[in-house]
Amino acid sequence: DDTDISEIKQFVDKKEIEASSFEGVAKGKNLILISLESTQSFMLDEEIDGEQVTPFLNKLKEDSYYFPNFYHQTAQGKTSDAEFMIDTSLYPLSGGSVFVRKPENEFFSLPEALNSADYSTNSFHGNDREFWNRENMYKTLGYDRFYSKKDFEVTDENSINYGLKDIPFFEQSIPYLKDLKEPYSAKFLTLTNHFPYLLEEEDRMIAIPETQEEVVNRYFATIRYEDESIKRFFEEMKAAGLYEDAIFVLYGDHYGLSETYNEALGEYFGKQIGPVEHVQLQKVPLIIHIPNEEGKVFETVGGQVDLKPTILELLRIKEKTSLNFGTSLLSSERKDFVIFRDGSFVTEELIYTKNTCYNKETGAKTNRNKCSKHFGKVQNELDYSDKVIYGDLLRFVE
Ligand code: GP9
Ligand code: MN
């Protein structure tokens, strides 16, 4: 195959849209990215026994830019796929994790762009630094520092499942944050809301449903705990005087409940989870909070591949060289579109999944031609991105 990088560069550059009126709104601010482990959007605004499952996030999104039609686009690389997309605006591979498979490649990354604007770039995570090959891949992506399990005090009492619980994780991160030279970026990868959603009794803050699947029931309790950890983090940031100068970007990394649990979820919702509902369950939160900026809802349909251009626009940072498959979510000119790794996609009006075209609003099957006119574009996006990764083609961009 003789596709060369200039053809791919032309393809992605054609998608570029004019900067929106939100360009530079957070210029010079410290960037706080929070990866919400396994957090699906349907949990926001959900109540159980009259209590909200995510009381803090619900309030926060009112005072934030909120994107109710934002989807995860991850595949087998899970958290690492989400990190990869956000840092590179490329799609993940259909098998395995790019973090593990291609850590030697050239990438045009978010940390690199931030570095070029004099930011120091940091990642925080309460698990071992080798997990998902982060230690190596972070170097490739240009991170200055990775605060991992060994940088925290992790005991039997303050850890569960993969590592440090979210509340002590944020608490112990504050002193490190205080010491960072400004401006900085700091990514926080939360962990407690991870399959199979284990939680000690003392950390349970909400009643849970009684479906046939314990995993589904427990998911509510760990989401509630995660929400509490974010609330406390915001309080600690304020107390440390770090809040005002920051922009907070919170995103769900991928689904928490796989297809296996659709029956139990259907039981909870009192309706069957068909293919259309399943796609809609792939929505994850995206909340961008900028202190002193008014909240706004952006209805645009988009996904994780779009986050890098969105963040760079808010910070008004221009990359020296770029090749982004995503486009900023801020512009009203943006085309509503999200493509999933398996070739499914969602537009303003359609959902294409499992070889079938659906009307998004009614959930009914619709004329296949409506979907098929997008097939070429979808194929190009995924193929070109794969070519960049497999051929390490960014080496050849001038
Ligand atoms: C582990 C964390 C969770 O370090 O990234 O991994 P996941 O299984 O969600 O990819
Ligand atoms: Mn994850």
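User: How are the donor residues of the manganese ion (ligand 2) spaced in sequence?

Analyst: This is a predicted model. In sequence the spacing reads E-x41-T-x173-D-H. E37 sits in the loop between strand 1 (30-36) and strand 2 (47-48), and T79 in helix 3 (residues 78-88). These two are 42 residues apart, so the pair links distant parts of the chain.

User: Which protein atoms are the donors of the manganese ion (ligand 2)?

Analyst: E37 appears twice, each time through OE. T79 gives OG1, D253 gives OD and H254 gives NE2. These protein donors lie 2.1 to 2.4 Å from the ion.

User: Why is the arrangement around the manganese ion (ligand 2) irregular?

Analyst: Look at the angles. Six donors count as octahedral if opposite donors are over 155 degrees apart and all others between 65 and 115. Here the six donor atoms subtend angles of 56 to 166 degrees, which makes the arrangement irregular.

User: Are E37 and T79 buried or exposed?

Analyst: Buried means under 20% relative accessible area. E37 has 2%, so E37 is buried. T79 has 10% and therefore counts as buried.

User: Now strands. How do I read the two faces of one?

Analyst: In a regular strand the side chains alternate between the two faces of the sheet. Take strand 17 (residues 350-353). L350 and Y352 are on one side, I351 and T353 on the other, and all are buried. Both faces are covered.

User: How many bridges join strand 17 to strand 18?

Analyst: Four, and strand 17 runs antiparallel to strand 18 (residues 356-359). L350 stands opposite N359. Their hairpin has two residues between the strands, and in it K354 takes a positive phi near 45 degrees. On the other pairing, two bridges join strand 17 to strand 16 (residues 345-347), again antiparallel. There V346 has I351 as its bridge partner. A hairpin of two residues joins strand 16 to strand 17.

User: Where is S89, and what is its phi?

Analyst: S89 lies in the loop between helix 3 and helix 4 (98-101). Its phi is positive, about 55 degrees, although S89 is not a glycine. S89 is buried, with a relative accessible area of 0%. N133 also has a positive phi, near 60 degrees. N133 sits in the loop between strand 6 (120-125) and helix 6 (134-141).

User: Which omega goes with the cis peptide bond from E182 to P183?

Analyst: Omega is near -5 degrees. P183 is in the loop between helix 7 (166-179) and strand 10 (184-189). The bond from F195 to P196 is cis as well, with omega near 0 degrees. P196 lies in the loop between strand 10 and helix 8 (214-239).

Terms used. Residues are numbered from 1 along each chain as its sequence is written. Chains are lettered from A and ligands numbered from 1 in the order in which they are written. This is a predicted model: local features need pLDDT of at least 70, side-chain atom pairs count only at pLDDT 80 or more; totals for chains, interfaces and linings use all residues. Side-chain values use heavy atoms; hydrogens and water are left out. Buried means under 20% relative accessible area, exposed over 50%, partly exposed in between (1.4 Å probe, protein chains only). Two strands pair if DSSP finds at least two bridges between them. Donors are N, O and S atoms within 2.8 Å of the metal (3.2 Å for Na, K and Ca); water is not among the atoms, so sites may look incomplete. Four donors count as tetrahedral if all angles lie between 85 and 135 degrees; four count as square planar and six as octahedral if opposite donors are over 155 degrees apart and all others between 65 and 115; anything else is irregular.
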